[in-house]
Amino acid sequence: CMGGFSIALPHDAGRPLTWKTNKEKEICAFLVHHEGKHVDTAFIIESVWPGHDLKKAKTYLYTCLSYLRKSFQEHQVPMNIDKAGNGFAIRLNGASADVTELEALLDGILSAEEPDERLYGRINDLYKGEYMEGCDYLWAAFRQETVNAKYLRALRSMHLHFRNKGNAVMAQDCLQRVLSIAPDSEADGRALIRLHMEEGNRSEALRVYRQLEHVIQDQLGVALEEETKMLYRQMGWTG
């Protein structure tokens, strides 16, 4: 679910399941999004086919579910569609969703007094991009924001941890990842500039400043915060 939505084939993890239609993919993503909970048919239709004729949409839904069942069987994907009352759910049956593992790790990092730096590589491997990135699923927007916010908080927590341990390289890596997601975060940019200056890397510090300047002034059309400008002057930069 991170960086888009796809299902890896069990006997060929490098190859994803192919979809007959975009709506088949969205129905699958929607049910995976609800993590095994049964979702009422009317709610599925309202979320995936807003404003469409109910009778036609219900036909589309059943067609998509039929496609999914056949695809799972043909490719020996362990997942299956479960019907109960007026609703449907997807059972993973041993398959795993990357977002579930990622959120569990992030929650652990954020609740710990001292973050476990051994988890740093794993959360970055799992974060391949935003939740359902590029899919344009309105129903996924809230979770996308939630996962992003947790990931950013975890990166900032790890930055402080690495900085306190004297590991400047990893502390810088944390903040660079933050800025790749939130390029207009001046507080994080300033912290990264200071880290580079402490290491005597003036060119990298200037690069980060220029990056902030481009995003804040050129793209957003607002002035840099006074603290950012002051940092620039304190470092003896001009122009």
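Me: Which residues of helix 6 are buried?
Reply: They are R143, V147, N148, K150, Y151, L152, A154, L155, M158, H159, H161 and F162. This is a predicted model, with residues numbered from 1 along each chain as its sequence is written; local features need pLDDT of at least 70, side-chain atom pairs count only at pLDDT 80 or more, and totals for chains, interfaces and linings use all residues. Side-chain values use heavy atoms, leaving out hydrogens and water.

Me: What makes a run of residues a helix?
Reply: DSSP decides: a helix is a run of H or I with at least four residues, a strand a run of E with at least two, and both are numbered from the N terminus.

Me: How do you know that the span of helix 6 agrees with what is expected?
Reply: The expected span is 1.5 Å times one less than the number of residues. For the 24 residues of helix 6 that gives 34 Å, and its end C-alpha atoms lie 35 Å apart, so the two agree.

Me: What do the buried residues of helix 6 pack against?
Reply: They pack against helix 1, helix 4 (98-111), helix 5 (120-126), helix 7 (168-181) and helix 8 (186-198). Contact means heavy atoms within 4.5 Å.

Me: Why is F30 called buried?
Reply: Buried means under 20% relative accessible area, exposed means over 50%, and partly exposed is in between (1.4 Å probe, protein chains only). F30 has 1%, so it is buried.

Me: And why is F43 called partly exposed?
Reply: Its relative accessibility is 38%, so F43 falls in between the two cut-offs.

Me: Why is the pair of F30 and F43 called tilted?
Reply: Rings of Phe, Tyr and Trp (its six-membered ring) pair if their centres lie within 6.5 Å; planes under 30 degrees apart are stacked, over 60 edge-to-face, the rest tilted. Here the centres are 6.0 Å apart and the planes at 50 degrees, so the pair is tilted.

Me: What does this pair tie together?
Reply: F30 lies in helix 1 (residues 22-33) and F43 in helix 2 (residues 41-48), so the pair joins parts 13 residues apart in sequence. Ring pairs also link F30 and F43 with Y137 and W139 in a cluster.

Me: What makes S71 of helix 3 (residues 54-74) count as buried?
Reply: Its relative accessibility is 2%, so S71 meets the buried cut-off. Beyond neighbours within four places in sequence, S71 is in contact with L17, T18, K20 and E24.
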